[in-house]
Structure formats: C-alpha cells, structure tokens
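Notebook open, coffee poured. I want to go through this one from the core outwards and jot down what I look up.

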Amino acid sequence: TAVWDCMLVSSMAVASTVTGNSINGTGTAAPTTYGISVWNDQTAPLISGGTINNVQFGINVNNYEGYPTTGSNANNTLATIDGVTISNVTLAGVRVNDNALNTNGATVFAEIKNSTINGSATATGILVSGSDATANIHDNSSTITGMLVGVDIDGGTASLTTSKIDANGTGVRVKNSGTLTSTTNNFITNNTADGISIEATAGAIGAITNNDLSGNALKAINNA
C-alpha cells in the first residue's frame, strides 16, 4: 500500500539543518504516515522551526522503518528537534523508535526542545519506544497538550526537564521496562487522569523533584 511521507532525512555524516518548513498531510490520496522521518544519521540533523500538521507521526526518529518503504537496518541515529510546532497527529507528535525488527543493535536518540505538540485525544505527544531509544526532553515551555498521553516512555529511556505537559489524558507514563532518569522543574498539570503514571512494568525511576503537579484529576504520581 502506498503511503505519503513528506521528508526523509537520512545517512547524514556531517551537520545539516532542516528549518522553517510547513508540512500538511491534508488532502493526500495515500495514508499520511510521517511528516519528517529521520533514519541512519550518525550526526544529528537539526530540525528547527516550522509546522507539521495532519499526519500520523509528526517526526519519526528511527533505526529501521525509515528506508526503504519495507524498512532496513540503520546504524545509530540521532536528531535534534528545536522549536517545531506539531498538531493534529493521529499516533504521535514525535516518536523516538528502536524498532524490534532492527538486528544490529543500533541506538536511537533525540533531543527535543522548545517545541509545541497539541491535539488529538487518541495520540501521544512524545513516544520513546524500545530499549535502545533515548530522549532528552527539555525546555518545551509552550506545552504538550490535548493528547491521550503527553510523554510515553514505552521501553525506552528519557529525561524530562522544564517542560509544560498540560491538559492531556495522562501527563507522563512509564511502562514496559521504560526508564525515567530524571523529572525536574516541569509543569505537569490539569491532566484528566494521572500526572505521572509509573506502571508496574516500568524500569528504573530517577528523582522526581521541583515539579508543579497540580490539577491532575486522579493522582499527581501514581506509582503502581
């Protein structure tokens, strides 16, 4: 089945920049999978500014599915995401994905900062998936909002600093051996379920300090 992927950033060995683009998947005949796919970049490309709307995944940093359509092993893949506005995604605003089909142990890393992610109530703001996926999420003060889960650490590793995660279903969720190394100086507020949900299957949890956890409908921190 044909899919619509707007932009592939792949196999970058030197510094590169993708900046100020307007990506909108509305009206395409094929399924709108990725706004930007980052695959096999050993030097992190800088994805800065611009908007991404009406796709399944806004930005997908990955080690397998990015190329070709059927997927193939990437080497270690990195990305820096700075000041991007992502809205109306159906699956995830940013996904940092260690694909189970990758067989060479490639790691995936993204730094996500100064960005805004909002809408859909069935999607995830930032998804860190798989044991070799890591995200440094910081200084996203404009908010991650209106999602089913604001930040979902599903088997991956993440740190979360000085970010606003407001009015989602669950603010932050950790599960399936996911690791939350630190959670500091965030506003995790007004979510309709838990502020931070640490499921029984979660891995190591680091310090959770100096956060505003007010207004969450269930628990500020639910440590199962």
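Which residues in the largest nonpolar core touch the most other members? I keep in mind that this is a predicted model. I get I36, I59, V94, V96, I112 and I126, out of 41 residues in that core. That fits the general habit: in soluble globular proteins, nonpolar side chains tend to be buried together.

**Entry: I36**

I picked I36 from that list and pulled its contacts, skipping residues up to four places away in sequence. I found M7, V9, V18, I23, I47, I52, G58, I59 and N60. I59, one of these partners, is itself on the list of core residues that touch the most other members.

**Entry: the whole chain**

I stepped back for the overall numbers. I count 24 strands and 0 helices in the protein chain. The C-alpha trace spans about 45 × 35 × 30 Å along its principal axes. What about the radius of gyration of the protein chain? I have 16 Å, and a compact globule of 224 residues would have one near 17 Å, so the two agree. Buried residues come to 51% of the 224. For contacts with a separation of 6 or more, I note that 69% are between residues 24 or more positions apart.

**Entry: empty space**

Rolling a probe the size of a water molecule over the atoms shows where empty space is left. How many cavities of 30 Å³ or more does a search of the whole structure find? I get 1. The volume of the largest cavity is about 50 Å³. I wrote down its lining: V18, G20, N21, I23, I36, I47, S48, G49, G50, T51, I52 and V84. The elements giving two or more residues to that lining are β5 (46–48) and β6 (51–53). By class I have 6 nonpolar and 6 polar residues there, with no charged ones. I36 turns up again here as a lining residue, and its contacts V18, I23, I47 and I52 are in the lining too.

**Entry: G50**

G50, one of the lining residues, sits in the loop between β5 and β6. Is G50 buried or partly exposed? I have it as partly exposed, because its relative accessible area is 24% and the buried class stops under 20%. Beyond its neighbours within four places in sequence, G50 is in contact with G20, N21, G83, V84 and T85. I also checked G50 against D82: they are 32 residues apart in sequence, with 9.7 Å from C-alpha to C-alpha.

**Entry: A79**

A79 is in strand β8, residues 77–82. I call A79 buried because its relative accessible area is 0%. Leaving out residues up to four places away, A79 touches V38, A44, P45, V61, F109, A110 and E111. V9 is 70 residues from A79 in sequence, yet their C-alpha atoms are 9.7 Å apart.

**Entry: backbone oddities**

Which residues does a cis peptide bond join? I find Y67 and P68, with omega of about -15°. P68 is in the loop between β7 (57–62) and β8.

Then I noted two positive phi values. T143 is not a glycine but has phi of about 110°; I place T143 in the loop between β14 (133–138) and β15 (144–145). T143 counts as buried, because its relative accessibility is 13%. N190, also not a glycine, has phi of about 60° and lies in the loop between β21 (187–189) and β22 (196–198). I log N190 as partly exposed because its relative accessibility is 41%.

Conventions. Residues are numbered from 1 along each chain as its sequence is written. This is a predicted model: local features need pLDDT of at least 70, side-chain atom pairs count only at pLDDT 80 or more; totals for chains, interfaces and linings use all residues. Side-chain values use heavy atoms; hydrogens and water are left out. A nonpolar core is a set of buried Ala, Val, Leu, Ile, Met, Phe, Trp, Tyr and Cys residues joined through side-chain atoms within 4.5 Å. Buried means under 20% relative accessible area, exposed over 50%, partly exposed in between (1.4 Å probe, protein chains only). Contact means heavy atoms within 4.5 Å. On a 1 Å grid over the protein atoms alone, a cavity is a set of points where a 1.4 Å probe fits but cannot get out, and a pocket is an open set with protein on both sides within 12 Å along at least five of seven lines; lining residues have an atom within 4 Å of a point. Grid points are joined across faces, edges and corners, and a volume is the space filled by probe spheres set on the points. Helices (H or I, at least four residues) and strands (E, at least two) are DSSP runs, numbered from the N terminus. Ala, Val, Leu, Ile, Met, Phe, Trp, Tyr, Cys and Pro count as nonpolar, Asp, Glu, Lys and Arg as charged, and the others, Gly among them, as polar. The radius of gyration is taken over C-alpha atoms; the globule rule is 2.2 Å times the number of residues to the power 0.38.
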